[in-house]
Amino acid sequence: MSSANAVEIAASPEAIAARLAASRYLADDSLATAIFLAIRLGKPLLLEGAPGVGKTEAAKAIAELLGRELVRLQCYEGIDAGHALYEWNYQRQLLAIRHAGEHEIDIYDDRFLIARPLLQMLRAPEERVLLVDEIDRSDHEFEALLLEFLSDFQISIPERGTIRAATQPIVILTSNRTRELAEALRRRCVYHWIGYPDAQREAEIIMLRSGDVAEAMARAVANAVQEIRARPLAKPPGIAEAVEWANAATILEKGGSPWPQAFRRAIGVLIKDEEDLSAIVPELGRIVEEALG
Amino acid sequence: MSRDLNNPFAPFTGRRCPEGADEGYRQPSISASLPPAAAPFLGFARLLRRHAFAIAPEQITGFMQAITLLGPRSINDIREAALATLAPSPDRRSEFEAHFRAYFYGDAKPSIEGEEDDETRIKDDRGTREEEDPARRQEKGGELSSATEQLSSRDFQRDADGLGQFRRKLSAALPVRRSFRTARTRSHGTLDLRRSLSEIVSADGDIPSPLLRRREAVPRKLLLLIDVSGSMKLHTADYLKLAHAAVQGADRAEVFTFGTRLTRITSALRIRDREQALARAAALVDDWDGGTRMGPTLLAFLSVPHFSAFARGACLVMLSDALERGDHADLETAMRRLSARASRLSLATPLAGDPRFRPATSALRAILPVLDDLVDGSSLKGLTDFILSLGRHAPAADSIWKRVS
């Protein structure tokens, strides 16, 4: 397991696409190229896209294709260095001080150090892939911290000294684009925008991801979802929802409902907003009929 | 090969790079260090820079390295490499593609349609508007219920100063919410174990007074939705000035215009110089002085996830007369959704400048229950006062207007 290995695996964009397909993720040429470039150029990969287009799934698939463990840092408003880098276990330190009594004790020992995702990554860059999820939710201060981390791949712990990554780590960032990221961050990364797939690719994804959905049904679901997405909904359904819908309808159909009805009854897993639901339901019959075609 | 590519080619001049400014004097040194085959790629990056894409030298380096890595086997490889490394923002993707085609396939020059036309039209607007202004009334925002008529003409010499003051006061005047980020404090907080422990260690085991942290208060986002339809023609220029001041003054402000289309103009308004910012914003908007399809456009706003996220927890001020032709069911749905997302939803309508104004149209009556404020948007002074008062509590629009009518 070394970076030579990663380069070997990332021989060409096609090789990556094939391996991703083996780990049940269908990437288009553009995404495969971006992944290839990120690995070969040794830059972080920044994935942007609407919720539910498979950004996090892509990161998981990349970890799988490299045979590495995925370390995930979920961002949220207010996340700070203590959550991302490291933290001392203060309670244990206090106990240790009391317990030691007259003896000397090193309270900055490894056992008092809680490694958070970024530090975990630095300690074993060849066995892990770092996913910084939904970075747009964090605030600007954290983005600056991350920027520093991504340029040097080192962390300074005042009590311990500087920890450096032995090799170039593989980092994936995702963003829902609820706010614009700093130009400096975009600049430093290989960038890819994931859009909703076309009907055919979506049908393939549904086939691959769901347990036992027939091909015709996958196609029908993909067509219907495309149609629904074209409407001004509060929350357009993502790919994950489409897969769930296909699964749910299949289960209902096995339970005895005929197809169009099974789709209608399973709509709750596709559309999860009351108003969207009431807007779609009157037309749903027609949409499903047309999709089943 | 890659050694050569690592040279920084040109200074990063970003958006402010004037037309071809870095072209001349750098040329000899580049041709000396770069293989001739690489020149087109550098030229493409420069072309993008000239069209206000922010592209850093390291991105150009990355672009060329990526092309080398990919082969390149086809023109598509070059396109993919450009997309991944030069990272054009998704909003400008089509513009980027047009430039790419024009540069590498030699297509006709990409036309940014109608830009010239729009620019001139908005300039005309501004010219006529200044003369019409003095007839306008002025009232305090939020005080509409008072029946006293304040007939004062708007003096536009003070106009600019008023906005300057507005800009400075804005971020302090917006309502605050508790952030998840904590800050040091002397009282009313929870124990800061990290600092307390290091204090204990440095004091050799003595326990000094505990150190505390408390969650910070941050100003809420400000979201301005500006109606640019024909019926708002007299006011849009003022509103854009206000929007520019708001974007300059608040930490997180977003501005959209809507008419028949929806346009995000925040990035244009980030330019500090007002004339330049407004010209840029004017060029972005395609539907000046057209019709209104308020309901559908607002629904479109809500259906774009990263737009509707702007509204969450924000102070939303809509500058519109809410004159929706025909069916207003869409408008009602959109306003209800917006009010569910926003912390405070206000509608400022220029019609309310008239003391005889009552929310009588069916569209206004339908949306009144979900509005937090319905105020006068006919004068800049009234509007700025109102926005600066957003931090203070006010009774719901519904109850104020019931008392009036």
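1. In what sense do β2(A) and strand β5 of chain A pair, and over how many bridges? In this predicted model, β2(A) and β5(A), the latter covering residues 128-133, run in the parallel sense and are joined over 6 bridges. Within this pairing, Leu73(A) stands opposite Val132(A) in β5(A).

2. The pair belongs to an open sheet of 5 strands in chain A, whose order is β2-β5-β8-β1-β9 and whose pairing is parallel. At the edges stand β2 (69-74) and β9 of chain A, and because each has a single partner strand, one side of each is left without a neighbour in the sheet. From one strand to the next, the twist averages 20°. Helix α4 of chain A, residues 55-66, packs on this sheet and touches β1 (45-49), β2, β5, β8 (170-175) and β9 of chain A, while its direction makes about 170° with that of β8(A).

3. Gly49(A) offers a useful place from which to look at this part of the chain. The residue lies in strand β1 of chain A, and it is buried, with 22 other C-beta atoms within 10 Å, where 20 or more are needed for a residue to count as buried. Apart from its neighbours within four places in sequence, Gly49(A) is in contact with Lys55(A), Trp193(A), Ile194(A) and Gly195(A). Leu208(A), by comparison, is 159 residues away from Gly49(A) in sequence and 21 Å away in space, C-alpha to C-alpha.

4. An annotation covers much of what has been described so far, and it should be read as coming from a record: UniProt, in an unreviewed entry, places the feature "domain: AAA+ ATPase" at residues 41-195 of chain A. Over residues 41-195 the chain is 35% helix and 27% strand, and the C-alpha atoms at the two ends are 24 Å apart.

5. Turning to the interface, 34 residues of chain A are in contact with 32 residues of chain B. On the side of chain A that touches chain B, α3 (29-41), α6 (90-100), α9 (183-188) and β9 (190-194) each supply at least two residues, and α3(A) gives the most, with 6 residues. When the residues of that side are sorted by class, 16 are nonpolar, 7 polar and 11 charged.

6. One helix pair across this interface can be followed residue by residue. The axes of α3(A) and helix α4 of chain B, residues 57-70, come within 10 Å and cross at roughly 105°; since an angle of 65 to 115 degrees counts as roughly perpendicular, the two helices are therefore described as roughly perpendicular to each other. From α3(A), the residues Thr33(A), Leu37(A), Arg40(A) and Leu41(A) meet Gly62(B), Gln65(B), Ala66(B), Leu69(B) and Leu70(B) of α4(B). The residues of this contact divide into 5 nonpolar, 3 polar and 1 charged.

7. As for chain B itself, it has 18 helices and 9 strands, and of its 405 residues 36% count as buried. Among the contacts in chain B with a separation of 6 or more, 75% are accounted for by residues 24 or more positions apart.

8. Is helix α17 of chain B, residues 380-388, largely enclosed or largely open? Of its 9 residues 8 are buried, so this helix is largely enclosed by the rest of the structure. The buried residues of α17(B) are Leu380(B), Lys381(B), Gly382(B), Leu383(B), Thr384(B), Asp385(B), Phe386(B) and Ile387(B).

Conventions
Residues are numbered from 1 along each chain as its sequence is written. Chains are lettered from A and ligands numbered from 1 in the order in which they are written. This is a predicted model: local features need pLDDT of at least 70, side-chain atom pairs count only at pLDDT 80 or more; totals for chains, interfaces and linings use all residues. Two residues are in contact if their C-beta atoms, placed from the backbone, lie within 7 Å. Helices (H or I, at least four residues) and strands (E, at least two) are DSSP runs, numbered from the N terminus. Ala, Val, Leu, Ile, Met, Phe, Trp, Tyr, Cys and Pro count as nonpolar, Asp, Glu, Lys and Arg as charged, and the others, Gly among them, as polar. A residue is buried if 20 or more other C-beta atoms lie within 10 Å of its own, exposed if 12 or fewer, and partly exposed in between; C-beta atoms are placed from the backbone. Axes are lines fitted to C-alpha atoms, for helices over the stretch in contact, and angles run from 0 to 180 degrees between N-to-C directions. Angles under 35 degrees count as roughly parallel, over 145 as roughly antiparallel, 65 to 115 as roughly perpendicular and the rest as oblique. UniProt positions are given in the numbering used here, feature names are shortened, and annotations may be inferred rather than shown by experiment. Two strands pair if DSSP finds at least two bridges between them.
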